[in-house]
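Trainee: I'd like a close look at one part: the salt bridges. Please show me where they sit and what surrounds them.

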Amino acid sequence: NQQNVFGSGNSVGIAANTSSVNRNLGLSYTDPYFTIDGLSAGFDIYDRRFDAQELNLGNYITESLGAGLRVGYPITELDRINFGLTLEQTKIETFDNSPQRFIDFVNQNGNEPMALITTTSWVRDRRDSAIWPTSGTLQRASAEITLPVLDLRYYKLGYQLGWYYPITNDFTLYLNGELVGL
């Protein structure tokens, strides 16, 4: 990740992980000052593959391809709201000895279901620094909901709280908690 690529203020992220269990390839771009009002805009493209057989978790393989757009808007000096829309297709490969819930899922939704996913979040950042924080908090509340126009329908709600506390000049204690509901 580069937060200020070529001195532009824009952020570019490239992800590449190609282990035998996970493959994660991704590209993201964010313009934090897309408009003079502070509207940020960005996109994400990704290809993720997970082979559960390699970890003896079950005999199945998933691969997700997705592309999405996102915008964010500051509502106060500390608070920001974000919105996103992502199109994702997940291919699920099952075998005779796959876990029954995966076989049932494929029977109900097919082995290549698509989803149109909306995301909304609120973020409050009270850290003393976004790059090297030593004190403060970072809170995030989020909702992820699929639109009922494609194959999958679900929702996910989440809340995260991170707390930074300086122990010495060189060490900072960081505690992070997260709640997720499906």
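Mentor: Let's pin down the term first: a salt bridge here is a side-chain nitrogen of Lys or Arg within 4 Å of a carboxyl oxygen of Asp or Glu. Keep in mind that this is a predicted model, where local features need pLDDT of at least 70 and side-chain atom pairs count only at pLDDT 80 or more, while totals for chains, interfaces and linings use all residues. Residues are numbered from 1 along each chain as its sequence is written, and side-chain values use heavy atoms, with hydrogens and water left out.

Before we hunt for charges, get the frame in your head. Picture an open sheet of 9 strands (DSSP runs of E, at least two residues, numbered from the N terminus), in the order β1-β2-β3-β4-β5-β6-β7-β8-β9 and with antiparallel pairing. The two edges are β1 (11-18) and β9, and each has a single partner strand, so one side of each is left without a neighbour in the sheet. Pairing has a cut-off too: DSSP has to find at least two bridges between the strands.

Now the salt bridges. Searching the whole structure turns up 5 of them. Start with R23 and E63, whose closest N and O atoms are 2.7 Å apart. This pair links distant parts of the chain, since R23 belongs to strand β2 (residues 22-31) and E63 to strand β4, and the two are 40 residues apart. How covered are they? For burial, under 20% relative accessible area means buried, over 50% exposed, and in between partly exposed (1.4 Å probe, protein chains only). R23 has a relative accessible area of 23%, so we call R23 partly exposed. E63 is partly exposed as well, at 23% relative accessibility.

Next, look at D79 and R124, another salt bridge with its closest N and O atoms 2.7 Å apart. D79 is in strand β5 and R124 is in strand β6 (residues 114-125), so this pair ties together parts that are 45 residues apart in sequence. The two ends have their own burial labels: D79 is buried, because its relative accessible area is 7%, whereas R124 counts as partly exposed at 27%.

A third example joins D125 to R127, with 2.8 Å between the closest N and O atoms. D125 has 24% relative accessibility, so D125 counts as partly exposed. There is a network to spot as well: R23, D47 and E63 are joined into one by salt bridges that share partners.

Let's put some of the surrounding strands back in. The home of E63, strand β4 (residues 60-74), pairs with strand β3 (residues 40-51) in the antiparallel sense over 12 bridges. To find that pairing on screen, pick D44 and look across to G68, its bridge partner in β4.

Strand β6, where R124 lies, pairs with strand β7 (residues 136-146) in the antiparallel sense over 9 bridges. Your marker there is I117, with T146 as its bridge partner in β7. Go one strand further and you'll see β7 and β8 running antiparallel, joined by 10 bridges. L138 is a handy spot to check, standing opposite G162 in β8.

So when you turn the model, try tracing R23 to E63 first, then D79 to R124, and finish with D125 and R127.

Key:
Helix = DSSP H or I, 4+ residues; strand = E, 2+ residues; numbered from the N terminus.
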